[in-house]
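I opened my notebook and went through this one a piece at a time. Here is what I looked up, in the order I took it.

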Amino acid sequence: MSTTFSRRNFLAVSTAGAAATALPAKTVLAEAASNGATANSAGPAGAAAASAKYVQPSGERSLVIGSLDDLEKRASEVMSAGAFAFIASGADNQITLRANRTELDRVRLLPTYLVNKPAPDLSTTLLGEKLSMPIITAPMGAHGLAHESAEIGSARGTGEAGTLYTMSTAANERLEDVAEATNGPKWFQIYLHDDRALSRDLLKRVKNAGFTGIVFTIDAFAPGASDDTVRMGFSFPPSLPLVNSNTPYFKSRLGWDDLKFLQDTIDLPIVMKGVITPELANTAVERGVAGVQVSNHGGRGLDGVPAAINLLPGVVEAVNGRVPVIMDSGIRRGTDVFKALAYGADAVALGRPVLYGLALGGSAGVKSVYERIGQELERAMLIAGASNVDEITIDFIYDDDAPNKRASQG
Ligand SMILES: Cc1cc2nc3c(=O)[nH]c(=O)nc-3n(C[C@H](O)[C@H](O)[C@H](O)COP(=O)(O)O)c2cc1C
């Protein structure tokens, strides 16, 4: 195999081992291009078919959704096993992936009754952007694995739901086309290149295309490799290149100088994603970030990191209202959104369910995902007694240590 790591060369490589051994020390692959073989394959045999065109789910349809959790199984039936595993799985023993759910499930809520509240209003404003609900799309690479419309479909569906789309650097569609596709607000998530000039060019395009915020992800050094994708010999199909970067290798040694570089290079608010400790949150705010996103990358990074919902309160306390706090990782229900907001998040981001909606119904499927979780949140607010998102406070959290009390009274 070639040792020249142009995207074309890398993507033509057919085995995980070959790609991994020749990896330059300072760089990482985009999540979208991190193993071997083809995404069509369910096993190493698929490696032989590396040049075959990946068959993408297609079709536009609204979805009837019981729960967002149902979508995982339904999506697995329309996607190749490798592509599904790439999206669904987490790192190593998937402890963090599971904890994101179990810890959200552990949180108990206490409604307030007889409060005579008006009908819930889900709308909110995030860094000046008006949203129909406090739920946005998290940045994810390689939407082409899920559907032929790729990021065009997910952006359109998110916009039609009236909320904010975050586009990943590791996308299959040109950022200008994605920007055009949504009629809603849009941010761009940046993976930096070692070569600053490449990043400068990309950021210039981002600004010109009309994105209004930058999400700076700080926790993605080697994501994307789960046990399942390794077993299956999964790799990103050559027919789905990452079209916005000249390479799938991104800067893996990040420091505060990289935040400074972004601040000096682009005149847009910067949200730091992957903020997990109060110290990090405080320093980020002191250094001028416009927002922080509490996230463990959906359990795709370091396995064993606590659940995002457990990390949220410390970050909220450190930030102390200076900038908005967004939380992602594990959000599947309206009550999950309610819990995150009660613990002080201003909004949450949805990851995998957006890709499942995309796989099952294109942009209409994505819109259906938002409609369903929006209905659930509305119902939760109605029963709990909160008429707008600002009224969702810690008062609704039941304190396990002081039975029958609210966490705020404990
Ligand atoms: C397939 C996939 C690709 C992802 N790619 C990126 C990415 O390119 N940039 C990024 O900041 N986060 C990426 N993430 C992480 C998400 O932004 C988000 O943190 C996570 O999916 C939230 O967890 P959830 O899927 O449980 O909702 C990716 C997640 C998935 C599932």
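**Leu127.** I began by asking whether Leu127 is buried or exposed. I found that Leu127 is partly exposed, because 13 to 19 is the range between exposed and buried and 19 other C-beta atoms lie within 10 Å of its own. I should add that I am reading a predicted model here. Leu127 sits in the loop between strand E2 (124–126) and strand E3 (129–131). I also checked its backbone: phi is positive, about 45°, although Leu127 is not a glycine. Most residues other than glycine have a negative phi.

**Ala142.** I then turned to another non-glycine with a positive phi: Ala142, at about 60°. I placed Ala142 in the loop between E4 and H6. Is Ala142 buried or exposed? I counted 27 other C-beta atoms within 10 Å, and 20 are enough, so Ala142 is buried.

**Phe221.** My next stop was Phe221, in the loop between strand E7 (213–217) and helix H9 (227–232). I noted it as partly exposed, because 13 other C-beta atoms lie within 10 Å and a residue with 12 or fewer would be exposed. I looked for a partner from elsewhere in the sequence and found Ser252. Phe221 and Ser252 are 31 residues apart in sequence, yet their C-alpha atoms are 5.4 Å apart in space.

**Helix H6.** I followed the chain along residues 150–160, which form H6. This helix is mostly covered, with ten of its eleven residues buried. Among the buried ones I listed Glu151, Ile152, Arg156 and Thr158. What do the buried residues of H6 pack against? I found strand E4 (135–137), strand E5 (165–168), helix H7 (175–181), strand E6 (186–190) and H14. After H6 comes Gly162, with a positive phi near 85°.

**Helix H14.** H14 (residues 352–384) made me stop and check its span. It has 33 residues, but its end C-alpha atoms are only 27 Å apart, whereas a straight helix would reach 48 Å at 1.5 Å a residue. I looked along the helix for a bend and found a kink of about 135°, centred on Gly361. H14 is mostly covered too, with 26 of its 33 residues buried. Gly385 follows H14 and has a positive phi, near 95°.

**The core.** How many residues does the largest nonpolar core have? I read off 113, and those with the most contacts inside it include Val292, Leu312, Val315 and Val348. H14 gives this core its largest share, 14 residues. I picked Val315 for a closer look: leaving out residues up to four places away in sequence, Val315 touches Val275, Pro278, Ala281, Val292, Val294 and Val325.

**The ligand.** I looked around the ligand next and found 24 residues surrounding it. The closest are Ala138, Ser168, Thr217, Gly298 and Gly351. I sorted the shell by type and got eight nonpolar, eleven polar and five charged residues.

**The whole chain.** Last, I stepped back to the full protein chain, which has 14 helices and twelve strands. Of its 410 residues, 55% are buried. I also looked at contacts with a separation of 6 or more, and 72% of them join residues 24 or more positions apart.

Methods: Residues numbered from 1 in each chain as written. Predicted model: local features only at pLDDT ≥ 70, side-chain atom pairs only at ≥ 80, totals over all residues. Near = placed C-beta within 6 Å. Nonpolar A, V, L, I, M, F, W, Y, C, P; charged D, E, K, R; others polar. Helix = DSSP H or I, 4+ residues; strand = E, 2+ residues; numbered from the N terminus. Expected span 1.5 Å × (residues − 1). Bend = angle between axes of the 7 residues up to and from the residue. Core = buried A, V, L, I, M, F, W, Y, C linked by C-beta atoms within 7 Å. Contact = placed C-beta atoms within 7 Å.
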